[in-house]
Amino acid sequence: MSDVSQPAAHPPVTDWVNDFDHTDPQWTDDPFPIWDELRAASPVVHTERFLGCYMPTTYDAVREIANDPEHFSSRRIIVRDVRPELTRNAAPPITSDPPVHKPAKQLLLPPFTPDAMKKLEPRMRAICNELIDGFIADGKVDAAARYSKYIPVQAIAHMLGIPESDSDLFINWIHMILELSIKDESKLLEAVQEMSAYFRTQIEERRSRPTDDLISYLMNAKDKEGQPLEESHVLGSLRLLLIAGIDTTWSAIGSSLWHLARTPADRERLIAEPGLIPTAVEELLRAYSPVTMAREVVKETTVSGCPVKAGNMVLLSFPAANRDPKMFPDADKVVIDRRENRHAAFGLGIHRCVGSNLARMEMQVALEEWLKRIPDFALDPAGTVTWSQGTVRGPRQLPFLLGRAM
């Protein structure tokens, strides 16, 4: 009988510099002092975990790797215990390398322009207010479970033209792919198969009844030879939009609300000066960047003077880069009116996030609508804040007291 064993738990880390693990509970709860320790030790550190993995710790080292697709491939973008077999068109363009990457990315740019986001904004404001209506009278709420989670889910469902009522299905797939599959490859395969079956059904429906949404847009798109995209490319891009468009922004909105609950001075300033919210969003993105990507080293090279060997993965931590004091004065402080802010929350290099306009708009609207209706809120001392593990970091439980209940 074959051994379908449960994934082994990782031993706790006792030496962060030589044996780091981004799935360790200590990292999940409070990664910032760990990054400071790693950065002080070296611009690039290594662990034997995950079959061998480097981590650049400085902004410069992260930028160098992000801008070097020749040595660092995007064919694997999550650091896992195993290296799953590579599949063509896994999630283009995020899993594509040059020369395939550029045309795949250009296809996805038109639906995410600033003008397209302006058209979506009224629906976003309505979504936020509908969610707030559901709990504002209760005096308390888990803001992650009842608010931040559903804003990007419903936004991307609206853009894809799929039922917003399927939200819990999408959230479960994301949990399987971004968290559970780090230590259990079968969860990755299960989620990808379920998502592909779901989207195949949506595509079939549109063959007889075309629609004006992102699924139809991709079905009608042509590659650089003028041919329709292969089904595997359409499905891969749809999986990418669903995964990348939800967990990231849900985490960023949640982290922003967590900060404002703990920092009344910042909250009061944003209520008094709502025009400052876009600038504050950039700083909250820098300070609490949700996304850590990965690369695979395909050719030996050096990064910031450190040798890097092929066959290893790279944990490409944009969040750690954004806390580098050489790049950002007072990097460990949240300065909501920070003017000079070239943060890397949306990535660097050719793989910079396609949906950055959408994420910014969602964050801005989510904070504006919340602060208009719930100016007073605080962490509930009877509850516990919990954070997600692995590739995307954000609060998964965020218990607040609201208004008079405080």
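**Figure 1. Pro 93 lies in the loop between β3 (72-73) and α5 (101-108).** The model shown here and in the views that follow is a predicted one. Start at the peptide bond that joins Pro 92 and Pro 93: this bond is cis, with omega at about 5°. Stay in the loop between β3 and α5 to find Pro 99. Here too the bond to look for is cis, running from Pro 98 to Pro 99 with omega near 0°.

**Figure 2. Phe 50 and its neighbour in the loop between β1 (44-47) and β2 (53-56).** Phe 50 has a phi near 60°, a positive value in a residue that is not glycine. Leu 51 sits in the loop between β1 and β2 as well, and its phi is also positive, at about 65°, although Leu 51 is not a glycine. Which of these side chains is buried, and which is exposed? Phe 50 has a relative accessible area of 3%, so it counts as buried, the limit being under 20%. Leu 51 reaches 54% relative accessibility and therefore counts as exposed, for which the limit is over 50%.

**Figure 3. Helix α13 (residues 247-262) packs against helix α17 (residues 356-373).** The angle between the two helices is about 35°, and their axes are 10 Å apart. The crossing of α13 past α17 is right-handed. On the α13 side, look for Thr 249, Ala 252, Ile 253, Ser 256, Leu 257 and Leu 260. The residues they meet in α17 are Ala 359, Glu 362, Met 363, Ala 366, Leu 367 and Trp 370. Sorted by character, the residues of this contact are 9 nonpolar, 2 polar and 1 charged.

**Figure 4. A close look at Leu 257, a residue of helix α13.** With a relative accessibility of 0%, Leu 257 falls under the 20% limit and so counts as buried. What does Leu 257 touch once its neighbours within four places in sequence are left aside? The contacts are Ala 143, Tyr 147, Leu 367, Trp 370, Phe 377, Leu 398 and Phe 400. For a sense of how the chain folds back here, compare Leu 257 with Leu 371: they are 114 residues apart in sequence, while their C-alpha atoms are 9.7 Å apart in space.

**Figure 5. The largest nonpolar core, with 130 residues.** Those with the most contacts inside this core are Tyr 147, Leu 160, Leu 242, Leu 257, Trp 370, Phe 377 and Phe 400. Helix α17 supplies the largest share of the core, 9 residues. As a general background, nonpolar side chains tend to be buried together in soluble globular proteins. Leu 160 makes a good second stop in this view: leaving aside neighbours within four places in sequence, Leu 160 is in contact with Phe 199, Arg 206, Asp 213, Leu 214, Ile 215, Leu 238, Leu 241 and Leu 242.

**Figure 6. Stepping back to the chain, with its 17 helices and 12 strands.** The radius of gyration is 21 Å, close to the 22 Å from the globule rule for 406 residues, so the chain is as compact as a globular protein of that length. Its C-alpha trace spans about 60 × 60 × 50 Å along the principal axes. Of the 406 residues, 56% are buried. Among contacts between residues at least 6 apart in sequence, 70% join residues at least 24 apart.

Methods: Residues numbered from 1 in each chain as written. Predicted model: local features only at pLDDT ≥ 70, side-chain atom pairs only at ≥ 80, totals over all residues. Heavy atoms only, no water. Axes fitted to C-alpha atoms, helices over the stretch in contact; angles between N-to-C directions. Helix = DSSP H or I, 4+ residues; strand = E, 2+ residues; numbered from the N terminus. Left-handed = near helix turned anticlockwise from the far one by under 90°. Contact = heavy atoms within 4.5 Å. Nonpolar A, V, L, I, M, F, W, Y, C, P; charged D, E, K, R; others polar. Core = buried A, V, L, I, M, F, W, Y, C linked by side-chain atoms within 4.5 Å. Buried < 20%, exposed > 50% of the residue type's maximum accessible area, 1.4 Å probe, protein only. Rg over C-alpha atoms; globule rule 2.2 N^0.38 Å.
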